[in-house]
Amino acid sequence: QVQLVESGGGLAQAGGSLRLSCAASGSIFSINAMGWYRQAPGKQRELVARASSGSWANYVDSVRGRFTISRDNAKNTVYLQMNSLKPEDTAVYYCNAQIQATDGSWRDYWGQGTQVTVSS
């Protein structure tokens with residue numbers, strides 16, 4: 001069994017900061033990309049940021065320069081530092097990871113989601 005557990009969501013004022021964490025645990029052999037998606041009410045889920053196990057990362061245009069994704073590969077953990085938050089960042093944020101389990105199978109795994117609410 002593999003699971004992703006998120007933490008760090010909550011309420012922030014516009015211009016404030018929050019940091020999300022997501023730890024993968026269980027029968028993990030290796031992890032490829034890890035990232036964050038979000039879904040606002042009435043909207044489709046969108047990719048926010050994603051990082052490889054190496055050095056590359058990509059961001060949706062609306063968060064570039066404000067959000068930073070990072071990984072601690074030794075801890076199988078990915079972080080999302082969110083600065084200069086805007087009300088339009090309000091959404092449920094989901095962690096995603098491409099994981100190879102110890103049985104050799106690859107698949108996408110998702111966290112349970114964490115609410116981020118930004119007040120104006």
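**Exercise 1.** Is Cys22 buried or exposed in this predicted model?

*Solution.* Start with the relative accessible area of Cys22, which is 0%. The cut-off for buried is under 20%, so Cys22 is buried. Now try Cys95: its relative accessibility is 0% too, so Cys95 also counts as buried.

**Exercise 2.** Work out how Cys22 and Cys95 are linked, and which strands they sit in.

*Solution.* Check the sulfur atoms: those of Cys22 and Cys95 are 2.1 Å apart. A disulfide needs them within 2.5 Å, so this pair forms one. The count for the model comes to 1 disulfide. Next, place the two ends: Cys22 lies in strand 3 (residues 18–26) and Cys95 in strand 9 (residues 91–101), so the bond ties together parts 73 residues apart in sequence. Finally, look at the twist: the torsion about the S-S bond is about -80 degrees, so the disulfide is left-handed.

**Exercise 3.** Describe the secondary structure of the protein chain.

*Solution.* Count the elements and you get 0 helices and 11 strands. Reading along the sequence, then, you meet the pattern β-β-β-β-β-β-β-β-β-β-β.

**Exercise 4.** Find out how the radius of gyration of the protein chain fits the rule for a compact globule.

*Solution.* For 120 residues, the rule gives a value near 14 Å. The chain has 14 Å, so the two agree. For the outline, picture a box of roughly 45 × 25 × 20 Å along the principal axes, filled by the C-alpha atoms. As for the inside, 42% of the 120 residues are buried.

Terms used:
Residues numbered from 1 in each chain as written. Predicted model: local features only at pLDDT ≥ 70, side-chain atom pairs only at ≥ 80, totals over all residues. Heavy atoms only, no water. Helix = DSSP H or I, 4+ residues; strand = E, 2+ residues; numbered from the N terminus. Rg over C-alpha atoms; globule rule 2.2 N^0.38 Å. Buried < 20%, exposed > 50% of the residue type's maximum accessible area, 1.4 Å probe, protein only.
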